[in-house]
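Reader: Hello! I am new to this structure and would love a close look at one part of it, told as one connected story. Could you pick a helix and walk me through its surroundings?

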Amino acid sequence: MRIMVISPHPDDETLGAGGSILKLRDLGNEIHWLNITDAKIEGYSADFIEKRKNQIERVREYFSFNGFVNLKFPPADLNDSIKGDLINSMGKEFERVKPDCIILPDYNDAHSDHKYVFEAAYACSKVFRHSYIKRILTMEIISETNFGMPYDKFKPNLYIDITNYFADKAEALRIYDTELGDLPFPRSIEAVKAQAVMRGTEAGVFYAEAFRVIKEIE
């Protein structure tokens with residue numbers, strides 16, 4: 001299977017699906033990473049931009065992705081005026097990679113960038129345009145998915161057992177040291193572990209990642 005993981009920001013792919021990426025890769029699947037936004041010189045120091053560039057490269061190597069593209073849209077600034085450009089850019093990557101499965105941020109995530117990325121990717125996934133996409137999943141990204149609006153809370157209907165991969169996911173997360181904090185900050189190793197344990201108990205395993213299946217075509 002050819003899988004494309006789409007992250008609004010660098011770290012979302014690891015927070016939401018890091019263990020599953022490693023497991024699915026080891027099972028022989030082809031994994032591609034499409035990142036949407038990245039730090040620009042406006043609003044960020046040169047030191048931060050250089051560190052972020054290094055983090056992305058290290059994460060890319062850590063997961064051994066079969067392909068990686070960084071669209072470099074401005075973070076926290078996705079809006080209706082650039083939605084057409086976002087859809088067009090994503091559509092070109094879909095056509096180039098032809099993924100069987102795409103993994104997206106959930107449509108109810110708190111961060112507006114996540115909502116725009118979901119909407120643009122879903123608009124690109126119409127079967128009459130990209131019929132090779134047979135499965136669409138949304139991932140649970142701590143600090144965003146759990147703060148979504150209460151009327152449509154994330155309710156997983158797919159669990160992936162990452163018991164043998166959680167330690168490796170945690171190691172990947174440590175690469176993003178600029179994004180991590182200490183409890184009770186949600187983007188902490190302890191909080192991510194607690195989430196994996198909770199989802200694991202729901203699935204009858206030690207550690208799991210949870211997803212919402214949006215569409216599946218057999």
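Author: Happy to. Helices here are DSSP runs of H or I that are at least four residues long, and they are numbered from the N terminus. With that in hand, one residue to start from is E119, which sits in helix α4. Please keep in mind that this is a predicted model.

Let us stay with E119 for a moment. Is it buried or exposed, or something in between? Its relative accessible area is 35%, so E119 counts as partly exposed. The side chain of E119 reaches the side chain of K83 in a polar contact of 2.8 Å. E119 also has Y107 beside it in space: the two are twelve residues apart in sequence, yet their C-alpha atoms are 7.3 Å apart.

K83 leads us to a neighbouring helix, since helix α3 covers residues 83-97. How do α3 and α4 lie against each other? Two packed helices are described by the angle between their axes and the distance between the axes. For α3 and α4, the axes come within 9 Å and cross at roughly 55°. That angle makes α3 oblique to α4, and the crossing is right-handed. On the α3 side, the residues that meet α4 are K83, L86, I87, M90, G91 and F94. Facing them from α4 are Y116, V117, E119, A120, A121, A123 and C124, so you can find E119 again in this list, along with C124.

C124 deserves a look of its own. With a relative accessible area of 3%, C124 is buried. Does a cysteine like this have a partner, and which cysteine sulfur is nearest to that of C124? The nearest one belongs to C101, 15 Å away, and C124 is in no disulfide. A disulfide would need the two sulfur atoms within 2.5 Å. C101 is likewise buried, at 2% relative accessibility. The count of disulfides comes to zero.

Now move along α4 to H114, another residue of this helix. H114 has 0% relative accessibility and therefore counts as buried. Its side chain makes a polar contact of 3.3 Å with the side chain of D12. Setting aside neighbours within four places in sequence, H114 touches P8, H9, D12, P105, D106, D109, I141 and E144.

One of those contacts, D106, takes us just outside the helix. Where does D106 sit? It lies in the loop between β4 (101-105) and α4 (112-124). D106 is buried too, with a relative accessible area of 0%. Its side chain is joined to that of R212 by a polar contact of 2.7 Å. Beyond its neighbours within four places in sequence, D106 is in contact with H114, T138, M139, T145, F154 and R212.

Finally, D12, the partner of H114, points to one more helix pair. Helix α1 spans residues 12-26, and it packs with helix α5 (residues 166-175) at an angle of about 135°, the axes being 9 Å apart. These two helices are therefore oblique to each other, and their crossing is right-handed. In α1, the residues T14, L15, G18, G19 and L22 meet D168, K169, A172 and L173 of α5.

Note on methods:
Residues numbered from 1 in each chain as written. Predicted model: local features only at pLDDT ≥ 70, side-chain atom pairs only at ≥ 80, totals over all residues. Heavy atoms only, no water. Buried < 20%, exposed > 50% of the residue type's maximum accessible area, 1.4 Å probe, protein only. Polar contact = N/O pair within 3.5 Å; in protein donor to acceptor, adjacent residues only side chain to side chain. Contact = heavy atoms within 4.5 Å. Axes fitted to C-alpha atoms, helices over the stretch in contact; angles between N-to-C directions. Parallel < 35°, antiparallel > 145°, perpendicular 65-115°, else oblique. Left-handed = near helix turned anticlockwise from the far one by under 90°.
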